[in-house]
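Subject: Structure for your review

Dear colleague,

I am passing on the structure below, and my notes on it follow directly after. Please read the two side by side.

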Amino acid sequence: MSKELIESDPKGQHLPPLVKLALELGPLGLFFLANSRPGLFAPLVPASILAGEQAGIFTATAVFMVATLVALAIHYRLVRKLPIMPLVSGIVVLVFGTLTLVLHDELFIKLKPTIVNTLFGVVLLGGLAFGKSLLGFVLDSVFELDAEGWRKLTLRWGLFFLFLAVLNEVVWRTQSTDFWVSFKVFGVMPITLAFALAQTPLIMRHSPAEKDERS
């Protein structure tokens with residue numbers, strides 16, 4: 001993969017926050033809509049996907065795969081780079097989405113959040129074990145922190161990713177598919193946003209700009 005395609009420099013070009021949020025929420029919104037109303041997408045998906053009791057989740061998986069690719073393409077078109085987290089997540093979506101549709105088994109798409117969140121959690125915590133704070137690379141961060149701030153924030157996000165992995169396992173194993181889809185859209189995203197906002201005091205304490213203003 002070329003350096004121009006994947007960029008981890010936090011000082012590089014970034015999407016406006018609202019555009020970035022729209023590209024993240026758009027595929028999820030379509031995932032929920034396709035699961036609840038698969039007939040709306042009948043002209044766009046093969047008839048075999050729309051047949052049977054699992055038409056909703058299979059249609060949602062197909063739509064989610066396409067929407068994820070479109071979101072990645074738009075992201076790259078706007079800033080000429082792809083952050084590592086959406087790229088890795090997109091690859092896992094395509095692989096496990098394909099397995100879901102080919103094998104007609106919804107298990108694979110349900111495992112996707114577990115695998116992605118576990119991967120990022122292990123990478124972040126593993127990096128800390130070797131003295132590396134990789135959060136800026138994983139999240140394509142646009143802020144600057146001192147070394148202690150990066151270590152603390154990386155630890156928190158690493159544990160949070162593992163928490164999301166466990167939470168996904170609990171939900172899909174104990175609840176219906178429709179509940180899992182709804183929770184993925186209306187549960188995980190608010191929890192993640194709340195967690196991210198809760199890190200603001202830490203970011204402000206360890207931001208060089210904030211320290212300069214107080215000195």
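Leaving out neighbours within four places in sequence, Glu169 is in contact (heavy atoms within 4.5 Å) with Leu111 and Thr114. Glu169 belongs to helix 7, where helices are DSSP runs of H or I with at least four residues, strands are runs of E with at least two, and both are numbered from the N terminus. With a relative accessibility of 17%, Glu169 counts as buried; buried means under 20% relative accessible area, exposed over 50%, and partly exposed in between, using a 1.4 Å probe and protein chains only.

Before going further, please note that this is a predicted model, in which local features need pLDDT of at least 70 and side-chain atom pairs count only at pLDDT 80 or more, while totals for chains, interfaces and linings use all residues. Residues are numbered from 1 along each chain as its sequence is written, and side-chain values use heavy atoms, with hydrogens and water left out.

As for the overall make-up, the protein has 11 helices and zero strands, and 44% of its 215 residues count as buried. Among contacts between residues at least 6 apart in sequence, 70% join residues that are at least 24 apart.

Next, the cores. The largest nonpolar core, meaning a set of buried Ala, Val, Leu, Ile, Met, Phe, Trp, Tyr and Cys residues joined through side-chain atoms within 4.5 Å, has 24 residues, and Phe31, Ile57 and Trp180 are those with the most contacts inside it. At least two residues of this core come from each of helix 1 (17-36), helix 3 (55-79), helix 5 (107-129), helix 7 (147-174) and helix 8 (177-186), and helix 3 gives the most, with seven residues. Because domain 1 (15-104) and domain 2 (105-207) both give residues to this core, the core lies between them; the domain bounds come from an automatic or database domain assignment. Apart from residues up to four places away in sequence, Trp180 touches Phe31, Ile57, Ile109, Lys110, Pro113, Asn168, Val171 and Trp172. There is also a second, separate core of 21 residues, which includes Val88, Leu135, Leu139 and Ile203.

The helix packing comes next, with axes taken as lines fitted to C-alpha atoms over the stretch in contact, and angles running from 0 to 180 degrees between N-to-C directions. The axes of helix 1 and helix 3 come within 7 Å and cross at roughly 165°, which makes helix 1 roughly antiparallel to helix 3; on this scale angles under 35 degrees count as roughly parallel, over 145 as roughly antiparallel, 65 to 115 as roughly perpendicular and the rest as oblique. Helix 1 passes helix 3 in a right-handed crossing, a crossing being right-handed if the near helix is turned clockwise from the far one by less than a right angle, and left-handed if anticlockwise.

For helix 1 and helix 8, the axes come within 9 Å and cross at roughly 160°, and the two helices are therefore roughly antiparallel to each other, with helix 1 passing helix 8 in a left-handed crossing. On the helix 1 side this contact is made by Leu28, Phe31, Phe32 and Asn35, and on the helix 8 side by Asp178, Trp180, Val181, Ser182, Lys184, Val185 and Phe186.

The axes of helix 4 (residues 84-103) and helix 5 come within 9 Å and cross at roughly 155°, so these two helices are roughly antiparallel to each other, and helix 4 passes helix 5 in a right-handed crossing. Among the helix 4 residues that meet helix 5 are Val88, Val92 and Phe96, and the helix 5 residues include Ile109, Ile115 and Phe120.

Two loop residues deserve a look at their backbone. Arg80, in the loop between helix 3 and helix 4, has a positive phi of about 60° although it is not a glycine, and at 48% relative accessibility Arg80 counts as partly exposed. His104, in the loop between helix 4 and helix 5, likewise is not a glycine but has a positive phi of about 50°, and His104 is partly exposed, with a relative accessible area of 46%.

Finally, Arg156 is found in helix 7 and counts as partly exposed at 34% relative accessibility. Not counting residues up to four places away in sequence, Arg156 touches Phe195, Gln199, Leu202 and Arg205; the C-alpha atoms of Arg156 and Gln199 are separated by 8.8 Å, although the two residues are 43 residues apart along the chain.

With best regards
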